[in-house]
Amino acid sequence: MSWSIPIGTVKGTVIRIHITFFLFLLWIGAAYHAQGGWPAALEGVVFLSLLFLCVLLHEFGHVFAARRYGVRTPDITLLPIGGVARLERLPEKPSQELVVALAGPAVNLVIAALLYAALGGFVPAGAAEVQNAGIDVLSRLAVVNLFLALFNLIPAFPMDGGRVLRAVLASRMGYVRGTQVAASVGQAVAIGLGLLGLFGNPMLLFIALFVYLGASSEAHAVQMREITHGVVVSDAMVTRFETLPPSGVLEDAVQCLIRTTQHEFPVVDGAGKLRGVLTRDDLIRALRDRGPDTPVLEVMRPDIPVVHRHGKLEEALRLMQEKSLPAVGVDDGNGRLVGLVTPENVGEMMMVQAARHALRR
């Protein structure tokens, strides 16, 4: 998602377009140009743009349904295979997730119904061939919206049907178990799509990979949510680590890197306040490009938030995930750094918790 360009904001939700979408647009234009020259290419680009406008409206169906339950949506990203609305958290009840999941396909059904009405309830027989430049744009758009509604209801994460299935299962067996079952179903669907893709449709292979990874990611996210629920930051933070002074240079960080197993080095001033974090990757890159005498203040990441040691671990993880941070600082309430939360130590905590859970079972 880092390769996405923000193009606007609607009621607090940033709309982003992934750079690969523009490549897809060029490819579609070239394909239509091969069929009928520049007029066909222009029509193809217009059709695809209107199609992704419908995809965007689909995602805003999720956004406004989620907002009804107090769940914000920081951004929507448009990709060549569709859109992704990133909710800040899951709805609290399975029934709420069911409403949020169905809101997107419902928007497509409404658009399809309006287009069918505008066309007098009739579309040409070849409207399902969306690549056919000989069929008018509105007819193809009506058929595609109907297809989008049905396709998104396939029971596979990250599509809406996977969330519908999880909501139904979660109402009976809990979120974690319901997610595991729904993710397994999604992965099975992905394998089926992949096998179909081997017989002449490369796009299905790409969708299958996206669905398989999305199912795995959803299961992992819910497992992490379950494990960290009710856990305070001090139970998961790293307390033994090397720090760097604001006056330090990269050579100082190199010595810390060699004599420890740390990958993130907090830069702390004389009062114990966190100024930023220097990561191993940034250190190596700057050492190669700028030399060992470069001040750490010029290389560190200064946008590292700090949470209280008695705060919720869920909040620290949310901050890390939203901004792709290498770490979150932990203070004692007086601004003095007492710990770090990193993806690595949270992962280790998850492995320990999973092992304990297996032993109890």
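The expected span of a helix is 1.5 Å times one less than its number of residues. This matters for helix 1 of the predicted model, which covers residues 19-68. Helix 1 has 50 residues, and a straight helix would reach 74 Å at 1.5 Å a residue, but the end C-alpha atoms of helix 1 are only 31 Å apart.

## Helix 1

Where does the kink of about 140° lie in helix 1? The kink is at G37, shortly before the proline P39. Just after helix 1 comes G70, with a positive phi of about 80°.

F47 takes part in a contact between a charge and a ring: R140 lies over the face of F47, at 4.7 Å from the ring centre.

## Helix 3

Helix 3 spans residues 137-151. Its end C-alpha atoms are 20 Å apart, which agrees with the 21 Å that 15 residues should span at 1.5 Å a residue.

Is helix 3 mostly covered or mostly uncovered? Helix 3 is mostly covered, with 11 of its 15 residues buried. The buried residues include the charged R140 and also V137, L141, V143, L148 and F151. R140 is thus named twice in this account, as a buried residue of helix 3 and as the partner of the F47 ring.

Helix 3 also holds a pair of aromatic residues, F147 and F151, which are 4 residues apart, about one turn of the helix. A pair of aromatic rings is described by the distance of the centres and the angle of the planes. The count of aromatic pairs comes to 2. For F147 and F151 the ring centres are 5.4 Å apart and the planes stand at 20°, so the pair is stacked; the cut-off for stacking is planes under 30 degrees apart.

The two residues of the pair fall into separate accessibility classes. F147 has 48% relative accessibility and counts as partly exposed. F151, at 19% relative accessibility, counts as buried, because buried means under 20%.

## The sheet of strands 1 to 4

An open sheet is built from 4 strands in the order 1-2-3-4, and its pairing is mixed. Strand 1 (4-10) and strand 4 (82-86) are the edge strands, each paired on one side only. From one strand to the next the twist averages 20°.

The pairings within this sheet are set out below.

| Strands | Sense | Bridges |
|---|---|---|
| strand 1 and strand 2 | antiparallel | 6 bridges |
| strand 2 and strand 3 | parallel | 4 bridges |
| strand 3 and strand 4 | antiparallel | 5 bridges |

Individual bridge partners can be placed on these pairings. Between strand 1 and strand 2, V10 has T13 as its bridge partner in strand 2. Strand 2 runs over residues 13-18 and strand 3 over residues 75-79. Here R16 stands opposite T77 in strand 3, and the bridge partner of I17 in strand 3 is L78. Further along, L79 has the bridge partner G82 in strand 4.

The sheet includes a hairpin of strand 3 and strand 4, with 2 residues between them. Strand 1 and strand 2 also form a hairpin, which has 2 residues between the strands.

Which residue in the hairpin of strand 1 and strand 2 takes a positive phi near 50°? The residue is K11, which has this positive phi although it is not a glycine. K11 lies in the loop between strand 1 and strand 2. At 63% relative accessibility, K11 counts as exposed.

## The sheet of strands 7 to 9

Another open sheet has 3 strands in the order 7-8-9, again with mixed pairing. The edge strands here are strand 7 (306-308) and strand 9 (337-341), and each pairs on one side only. The twist averages 35° from one strand to the next.

Strand 8 covers residues 328-331 and pairs with strand 9 in the antiparallel sense over 4 bridges. In this pairing D331 stands opposite L337 in strand 9.

Terms used: Residues numbered from 1 in each chain as written. Predicted model: local features only at pLDDT ≥ 70, side-chain atom pairs only at ≥ 80, totals over all residues. Heavy atoms only, no water. Phe/Tyr/Trp six-rings, centres within 6.5 Å; stacked < 30°, edge-to-face > 60°. Buried < 20%, exposed > 50% of the residue type's maximum accessible area, 1.4 Å probe, protein only. Lys NZ or Arg CZ within 6 Å of the ring centre and 35° of its normal. Bend = angle between axes of the 7 residues up to and from the residue. Pairing = 2+ DSSP bridges. Axes fitted to C-alpha atoms, helices over the stretch in contact; angles between N-to-C directions.
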